[in-house]
Amino acid sequence: GGLYITAVEKTETAFEYKLLKAALDGSSLSEVVTYFSIDNIDLIFNGSQEMTIHRNKAFLPYCIMHSDNMEIGICGAAIYDMETGELTYLGEKEGDLKVQNQNFCGYGDYMYYVKTQKYKKELMRYSYADGSVEKIELKTGFKGNYAIYDENTIFYIRGTGEVHIFKRDTG
């Protein structure tokens with residue numbers, strides 16, 4: 001019933017990450033939730049994060065860095081339940097800048113995503129049933145690009161662009 005938009009409001013004292021809802025005809029815009037807020041002390045917004053909605057849950061990654069040292073900052077991902085209004089987080093709310101969750105893709109009862117740590121990328125999946133997170137054991141060299149074909153089949157890129165297939169039932 002609406003168009004959902006992520007936005008960052010920067011004031012003199014804080015950065016606030018917000019989920020907004022616009023009427024489909026453009027007649028209104030309202031704030032749904034502020035999912036992350038931090039004092040604005042020499043910080044800059046990293047605008048490369050994308051929201052994904054699946055099964056009435058919005059996955060809202062965020063990342064913010066220190067303006068003088070881009071290696072200092074906070075990353076995380078909020079999970080907003082659009083039915084109950086509950087706000088939770090995928091891991092720590094104020095997570096390490098060196099660990100980023102990205103490339104979200106919902107399929108069935110799971111939200112798949114890539115956990116990136118420096119040169120290492122892992123495919124993870126979040127369970128809607130119990131909120132647990134599990135690592136999908138792919139071969140080394142996973143590049144972060146994947147596609148969910150069905151409950152049992154994942155296509156992914158590794159190495160120098162080689163396409164591989166992972167079957168859940170056989171590993």
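In this predicted model, R125 counts as buried because its relative accessibility, 6%, falls under the 20% limit used for burial. The residue has its place in strand β12, and its side chain takes part in polar contacts with two tyrosine side chains, that of Y110 at 3.3 Å and that of Y112 at 3.2 Å. When residues up to four places away in sequence are set aside, the surroundings of R125 comprise Y110, M111, Y112, Y113, S132, V133, E134, I136 and R168. Strand β11 spans residues 110–117 and strand β13 spans residues 133–136, so that the numbering of these partners can be followed along the chain on either side of β12, which covers residues 120–127.

Strand β12 also holds Y126, which, at 7% relative accessibility, is likewise counted as buried. Not counting residues up to four places away in sequence, Y126 touches K57, F59, I79, L90, D109, Y110, M111, Y113, G131, S132 and V133. Of these partners, Y110, M111, Y113, S132 and V133 are also touched by R125. A further relation is given by the C-alpha atoms of Y126 and L60, which are 66 residues apart along the chain and are separated by 14 Å.

L60 belongs to the largest nonpolar core, which has 14 residues and in which L19, Y35, F36 and L60 are those with the most contacts. At least two residues of this core are supplied by each of the strands β2 (14–22), β3 (29–39), β6 (57–66) and β7 (73–81). The setting of F36 can be described in more detail: leaving aside neighbours within four places in sequence, F36 is in contact with F15, E16, Y17, Y62, I74, K93 and E94. Apart from this core lies another, of eleven residues, which includes Y112, I136, F142 and F166. Two members of that other core, Y112 and I136, also appear among the residues touched by R125.

A second charged residue with low accessibility is K18, which lies in strand β2 and is counted as buried at 10% relative accessibility. The side chain of K18 makes polar contacts with two glutamate side chains, that of E16 at 3.2 Å and that of E31 at 3.0 Å. Beyond the neighbours within four places in sequence, K18 is in contact with I5, T6, A7, E9, E31, V33, T34 and Y35. For one of these partners, V33, the C-alpha to C-alpha distance from K18 is 5.7 Å, although the two residues are 15 apart in sequence. Another partner of K18, Y35, is one of the residues with the most contacts inside the largest nonpolar core.

Turning to the pockets, the largest has a volume of about 290 Å³. It is lined by 16 residues, of which L90, G91, E92, V99 and N101 are the closest to its centre. Two or more residues of this lining are given by each of β7, β9 (95–96), β10 (99–107), β11 and β12. In composition, the lining of the largest pocket divides into eight nonpolar, five polar and three charged residues.

The second largest pocket has a volume of about 170 Å³. Among the 13 residues that line the second largest pocket, those closest to its centre are K121, E122, L138, K139 and T140. The elements that give two or more residues to this lining are β12 and β13, and the largest share, four residues, comes from β12. The lining of the second largest pocket consists of five nonpolar, two polar and six charged residues. Strand β12 is thus named for the linings of both the largest pocket and the second largest pocket.

Two loop residues have backbone angles of note. In N56, which has its place in the loop between β5 (52–54) and β6, phi is near 60°, a positive value in a residue other than glycine. K118, found in the loop between β11 and β12, likewise has a positive phi, near 50°, and is a residue other than glycine. As regards accessibility, N56 counts as partly exposed because its value of 38% lies between the limits of 20% and 50%, whereas K118, at 68%, counts as exposed because this value is over 50%.

Terms used: Residues are numbered from 1 along each chain as its sequence is written. This is a predicted model: local features need pLDDT of at least 70, side-chain atom pairs count only at pLDDT 80 or more; totals for chains, interfaces and linings use all residues. Side-chain values use heavy atoms; hydrogens and water are left out. A nonpolar core is a set of buried Ala, Val, Leu, Ile, Met, Phe, Trp, Tyr and Cys residues joined through side-chain atoms within 4.5 Å. Buried means under 20% relative accessible area, exposed over 50%, partly exposed in between (1.4 Å probe, protein chains only). Contact means heavy atoms within 4.5 Å. On a 1 Å grid over the protein atoms alone, a cavity is a set of points where a 1.4 Å probe fits but cannot get out, and a pocket is an open set with protein on both sides within 12 Å along at least five of seven lines; lining residues have an atom within 4 Å of a point. Grid points are joined across faces, edges and corners, and a volume is the space filled by probe spheres set on the points. Ala, Val, Leu, Ile, Met, Phe, Trp, Tyr, Cys and Pro count as nonpolar, Asp, Glu, Lys and Arg as charged, and the others, Gly among them, as polar. A polar contact is a pair of N or O atoms within 3.5 Å; within protein, one must be able to donate a hydrogen and the other to accept it, and residues adjacent in sequence count only if both atoms are side-chain atoms.
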